[in-house]
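The exercises below ask you to read a predicted model and to work each answer out step by step. Please attempt each task before turning to its solution.

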Amino acid sequence: MASGCCGAKKQKLNNSTSVTCNGHPGTGTSVVPNGLVNGIVAQPEMGFFCFDVLYCHLHSLEAPKNPNFSNDPYPLFVTWEIGKDRRLRGCIGTFSAMNLHCGLREYAITSLPKQYLNQLLFQVFDPKNQIGVRTKTDRGRAKAVPDFVPPSAVRDSRFSPITPDELPRLRVAVSILRHFEDAQDYLDWTVGVHGIRIEFLNEKGNRRSATYLPEVAPEQGWDRIQTIDSLLRKGGFKGAVTPELRRSIKLVRYQSEKVAVTYPEYVSNWRSPGRRC
């Protein structure tokens, strides 16, 4: 079954780890001052680093050292899949630009400790259902995120904590979101090129939003109108979807750089006693 993730906004975290998050890129890499490597932000090393973070978390080891790739701030998502059929195992991310080292540390662990729940603004997704929760402390600033799902949704059994025995079957994808643009209307975007975030008013006049990463529509076989209609439902709209409603949508389109690595690739290309954790 094809899997896809739709995004969520995240507020700034208080530091909850002793690992510094403002490290500088080390030597021996081709990272240039603007954070690009050959013009591309997303690098396989980002996926390897996510595996590092997860490995150390699962084995109660000291957190990994800061990696050598760019620490520039970008909106990002981390998606875990498992098995040959690449079943979705977790997807979490932020539309707020976040330093890559910190962002990947936080989002590599999709099943978060209880103490994070009052700090994070996040959502976990599968292609057919949207589940989300927002912080208690930032309700006034979280207007763009649906709040109709109860906090208990983050305990959804589909995304129970990843276990050590699952590691060899995992695949991680890192999506770096770029090139955000206000669309002229709800059809001003291209399937397979753009991710979209929509804002709309529900039946009660409350503002809601929903998003899909660029790969979701082609994976599901949707055209633009089908994607819009699905997003309206995911955002909690329960009434009739009319042409007038679609025209009232405010749409932002964006693109994403995506890189994915498997656990065997991580073991072969990255993991070593001197490098891991």
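**Exercise 1. Loop residues with positive phi**

Locate serine 60 and arginine 86, and decide for each whether the residue is buried, partly exposed or exposed.

Solution. Begin with serine 60, which lies in the loop between α1 and β1. Its phi is near 55°, a positive value in a residue other than glycine. The relative accessible area of serine 60 is 68%, and since exposed means over 50%, serine 60 is exposed. Turn next to arginine 86, which is found in the loop between β1 and β2 and has a positive phi of about 55° although it is not a glycine. Arginine 86 has a relative accessible area of 34%, a value that makes it partly exposed.

**Exercise 2. The packing of two helices**

Describe how helix α1 (residues 44-58) and helix α2 (residues 100-107) are placed against each other, and name the residues through which they meet.

Solution. Two packed helices are described by the angle between their axes and the distance between the axes. Here the axes of α1 and α2 come within 9 Å and cross at roughly 50°. An angle from 35 to 65 degrees falls in the oblique class, and α1 and α2 are therefore oblique to each other. The crossing in which α1 passes α2 is right-handed. On the side of α1 the contact is made by Met46, Phe49, Cys50 and Val53, which meet Leu100, His101, Leu104 and Arg105 of α2. Sorted by character, the residues of this contact are six nonpolar, one polar and one charged.

**Exercise 3. The sheet and the helices upon it**

Establish the order of the strands in the open sheet, identify its edges, and state how the two helices pack on it.

Solution. The six strands of the open sheet follow the order β2-β1-β5-β8-β6-β7, with antiparallel pairing. Because β2 (87-99) and β7 each have a single partner strand, they stand at the edges, and one side of each is left without a neighbour in the sheet. Neighbouring strands are turned by 25° against each other on average, direction ignored. Within the sheet, β5 (residues 170-182) and β8 (residues 250-262) are paired over 10 bridges in the antiparallel sense, and valine 174 stands opposite valine 259 in β8. Helix α1 packs on this sheet by touching β1 (73-82), β5 and β8, and its direction makes about 125° with that of β5. Helix α2 likewise packs on the sheet, where it touches β1, β2 and β5, its direction making about 150° with that of β2.

Now consider the burial of α2: eight of its eight residues are buried, so this helix is largely enclosed by the rest of the structure. The cover over these residues includes α1, β1, β2 and β5.

**Exercise 4. The β6-β7 hairpin and lysine 250**

Characterise the pairing of β6 (residues 195-201) with β7, and then find which residues lysine 250 contacts beyond its neighbours within four places in sequence.

Solution. Strands β6 and β7 run antiparallel and are joined by six bridges, in which arginine 197 has threonine 211 of β7 as its bridge partner. Five residues lie between the strands of this hairpin, and glycine 205 takes a positive phi near 85°. Five of the six residues of β7 (residues 207-212) are buried, so β7 is largely enclosed by the rest of the structure. Lysine 250, placed in strand β8, is partly exposed, with a relative accessible area of 47%. Leaving aside those sequence neighbours, lysine 250 is in contact with Arg197, Ile198 and Glu199.

How values were computed
Residues numbered from 1 in each chain as written. Predicted model: local features only at pLDDT ≥ 70, side-chain atom pairs only at ≥ 80, totals over all residues. Heavy atoms only, no water. Axes fitted to C-alpha atoms, helices over the stretch in contact; angles between N-to-C directions. Helix = DSSP H or I, 4+ residues; strand = E, 2+ residues; numbered from the N terminus. Parallel < 35°, antiparallel > 145°, perpendicular 65-115°, else oblique. Left-handed = near helix turned anticlockwise from the far one by under 90°. Contact = heavy atoms within 4.5 Å. Nonpolar A, V, L, I, M, F, W, Y, C, P; charged D, E, K, R; others polar. Buried < 20%, exposed > 50% of the residue type's maximum accessible area, 1.4 Å probe, protein only. Pairing = 2+ DSSP bridges.
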